[in-house]
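Let's go through this one label by label and check what earns each name. Have the model open beside you.

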Amino acid sequence: MPHLEDFYANKLRGALGLTDAESVLDLRGAPWAKAEASLNDMLERSRFAKGKTVAVRLEPPPEGGGETLFQPVGRLLLDAKRRGWVDRLQTLPAEDGLGFYIALAGKPEKGA
């Protein structure tokens, strides 16, 4: 499998991170059922509130490799983006660890 040099890998990662987000949803150590419920709750509430930015933190893979929540969380957030609930979705920069930076669309303005 090809390996990307750090310089090029960092270009693929997002520049917005934990310090740029208005809030942080820390799912490190959470089982999938709890993570899914937390994300769905956040997305549902965002539909009736003002848009905001959130950093979603995830547990890194265990030593030697293994499953993480990155793929299932990413799929759930991509689905929310397709529905118009998420305006922006990108991965966190490497120095912030594994996770996503998202901009929630919020409640649509009347007349828009």
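Q: What do buried, exposed and partly exposed stand for here?
A: Buried is under 20% relative accessible area, exposed is over 50%, and partly exposed is in between (1.4 Å probe, protein chains only). Keep in mind that this is a predicted model, where local features need pLDDT of at least 70, side-chain atom pairs count only at pLDDT 80 or more, and totals for chains, interfaces and linings use all residues. Residues are numbered from 1 along each chain as its sequence is written, and side-chain values use heavy atoms, with hydrogens and water left out.

Q: Why is Asp26 called partly exposed?
A: Its relative accessible area is 39%, and the label covers what lies between under 20% and over 50%, so Asp26 is partly exposed.

Q: What makes Asp26 and Arg28 a salt bridge?
A: The term asks for a side-chain nitrogen of Lys or Arg within 4 Å of a carboxyl oxygen of Asp or Glu. In this pair the closest N and O atoms are 2.6 Å apart, so the definition is met. Arg28 is partly exposed too, with 39%. In general, side chains of opposite charge can pair when their charged atoms come close.

Q: How many salt bridges does the structure hold?
A: There are four. Among them is Glu44 with Arg47, whose closest N and O atoms are 3.0 Å apart. Glu44 has a relative accessible area of 35% and Arg47 has 28%, so partly exposed fits both. Another one is Arg83 with Asp79, at 3.2 Å; Asp79 is partly exposed at 33%.

Q: Why do E1 and E2 count as paired?
A: Two strands pair if DSSP finds at least two bridges between them. E1 and E2 (residues 53-57) have four, in the parallel sense, so they pair. One bridge links Ser23 to Val54 in E2.

Q: What makes E1 and E3 edge strands?
A: The open, mixed sheet runs E1-E2-E4-E3. E1 (23-26) and E3 (86-91) each have a single partner strand, so one side of each is left without a neighbour in the sheet. Strands here are DSSP runs (E, at least two residues), as are helices (H or I, at least four), numbered from the N terminus.

Q: How do you know that helix H2 packs on the sheet?
A: Contact means heavy atoms within 4.5 Å, and H2 (residues 32-46) touches E1, E2, E3 and E4 (99-104).

Note on methods: Axes fitted to C-alpha atoms, helices over the stretch in contact; angles between N-to-C directions.
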